[in-house]
Amino acid sequence: MIVVERVSRVFDGKAEPIVALDGIDLEVGEHEFVAVIGRSGCGKSTLLRIVAGLLAPTAGRVLVAGEPVTRPRRDVAVMFQRPALLPWRSVLGNVLLPVEVHGLDRQKHIARAHELLELVGLAGFAARLPHELSGGMQQRVSLCRSLIQNPAVMLMDEPFSALDALTRTELSAELQRIWWEHPRTVVFVTHSVEEAVVLADRVAVLTPRPGRLHELVEVDIPRPRTAHTARVAAVSGALHELLTGE
Amino acid sequence: MRTRVANIVLPVLGLLAVLALWWLATIVFAIEEFLLPSPGDVLAAFGEYPGYLLEQTWVTLLETVQGFGLSIVVGIPIALLIVTSPILERTIYPLLLALNAVPKIAIAPILVVWLGFGPAPKVLLVFLVCFFPVVISTASGMKSTPAELVELMRSLDCTRRQEFFKLRFQYALPQIFVGLKTAVSLAVIGAVIAEFVGASAGLGFVIVSSGSSADTALAFAAMGLLGVMSIVLFYGLAYLERRLLPWAEEHR
């Protein structure tokens, strides 16, 4: 579904150019859930933005569904670290934003929007404004917004990292359930090793300066998974070692 | 509820206190009426020509609102152009700054020479006074749109138009209202200045002509009406803002 071919990205630094990504190769199959982990500054967000078509690579290319990515695609949804809700739009209006931007019939998607809100436990909040919601609820709205058009690919950039630990675990469990019921291709960037192990089929470990793909680890644990189980802890431990033992 | 009552009671109390002090001063120091009329004299002057004064108020109000409206209709598109194109921004901005730096009082007589004694030069001067705050507030509001929201819109493969109208313009609205409120208080001043220079109607005209006949009480009545007009326009905008942008107060 997604093919990343020898992708490099260089940013202009103050003194010398900064190599954020250096020759990344990665393939993500259809309906596969791949997590990308690494220390901050390893270029994992940069990689995601390149796959999303928000940033051009300096070298190499990305294919989604067999086509080179040159700009954001409509069958690819991006979810960011912060909810990025439009403050003047109601919850429902925010969920329907992609529908409007893509010029589709708003009416036809309203039922689906309510379904999604119910799915994440926000039934009855459709008419609220974002500022009336907690951070966790806002991020749930953001999740609904990225699901409204049934995207083939979801790109998630540390979507839960701004939340408190409890809400974070909760949302991670919800994402696992939603993905399990309707599998789709997901690339999930995170700096939490446990989160990656709980959610992903495979975990890509990036190392910083320059950002390189250090290791690709298969997570062979049956779902549903929860953190704090022996098997998750074992894989997490191994990944921790990969991250720290350079 | 209590704060709402206080919001009305406190300004009224302040006004009454000032009026009382003013009245007291005219009595205690026995000030001549043509120097400083007492509030009673001013009220009497208004009572003498209520129809005439309200007519002149209407003239000034119309000039003010037309010039203000024109500044919105012209200013917001120009701000949009400035935000869209950095080249245009660098071309237009210095000109706008220069235009704004010219004292409007200096332009007023020239406008009369160009456009005559009718309402046109007044409307134009009001426009010139309002234009700058409208453009600046709109442009800076649209530019201050958070990067995360812009990136979200881009990730949806939006058009430039959508980025501006679905996002940047809406995001800028609270800041645009700040500019509008600044502009509307300047607008009344602009209209009066234009009327000082050459007019046959309007409250500015009333002030000038009553000054020359030493009818100070009438001039004060006209000034009072100008004050009321300013307050009504300002709070009208503030009310509109609260109705249109219920999200703004909480969000910022």
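## The β9–β10 hairpin of chain A

In this predicted model, strand β9 of chain A, which covers residues 202–207, is joined by 6 bridges to strand β10 of chain A, covering residues 212–218, and the two run antiparallel. Within this pairing, L206(A) has L213(A) in β10(A) as its bridge partner. The two strands form a hairpin with 4 residues between them, and in the turn R209(A) has a positive phi of about 45 degrees.

## The open sheet of chain A and its helix

Strands of a sheet pair through backbone hydrogen bonds, and the pairing may be parallel or antiparallel. In chain A, 4 strands in the order β2-β1-β4-β5 form an open sheet, and their pairing is antiparallel. Because β2 (18–28) and β5 (67–68) of chain A each have a single partner strand, they stand at the edges, and one side of each is left without a neighbour in the sheet. At the β5(A) edge, the connection to strand β4 of chain A (residues 59–64) consists of 2 bridges, again with the strands running antiparallel; here L63(A) finds its bridge partner in P68(A) of β5(A).

Helix α1 of chain A, residues 44–52, packs on this sheet and touches β1 (2–11), β2 and β4 of chain A, while its direction makes about 120 degrees with that of β1(A).

## Packing of α5 and α6 in chain B

Two packed helices are described by the angle between their axes together with the distance between those axes. For helix α5 (residues 104–115) and helix α6 (residues 120–143) of chain B, the angle is about 145 degrees and the axes are 9 Å apart. The crossing in which α5(B) passes α6(B) is right-handed.

On the α5(B) side, the residues that take part are K104(B), I107(B), A108(B), L111(B), V112(B) and L115(B), and they meet A120(B), P121(B), L124(B), L125(B), L128(B) and V129(B) of α6(B). By residue class, this contact between α5(B) and α6(B) comprises 11 nonpolar residues, no polar ones and 1 charged.

## Where chain B touches chain A

Between the two chains, 16 residues of chain B are in contact with 17 residues of chain A. On the chain B side, the elements that give two or more residues are α7 (147–155), α8 (160–197) and α11 (246–251), and the largest share, 6 residues, comes from α7(B). The residues on this side of chain B divide into 6 nonpolar, 4 polar and 6 charged.

How values were computed: Residues numbered from 1 in each chain as written. Chains lettered and ligands numbered in written order. Predicted model: local features only at pLDDT ≥ 70, side-chain atom pairs only at ≥ 80, totals over all residues. Axes fitted to C-alpha atoms, helices over the stretch in contact; angles between N-to-C directions. Left-handed = near helix turned anticlockwise from the far one by under 90°. Contact = placed C-beta atoms within 7 Å. Nonpolar A, V, L, I, M, F, W, Y, C, P; charged D, E, K, R; others polar. Pairing = 2+ DSSP bridges.
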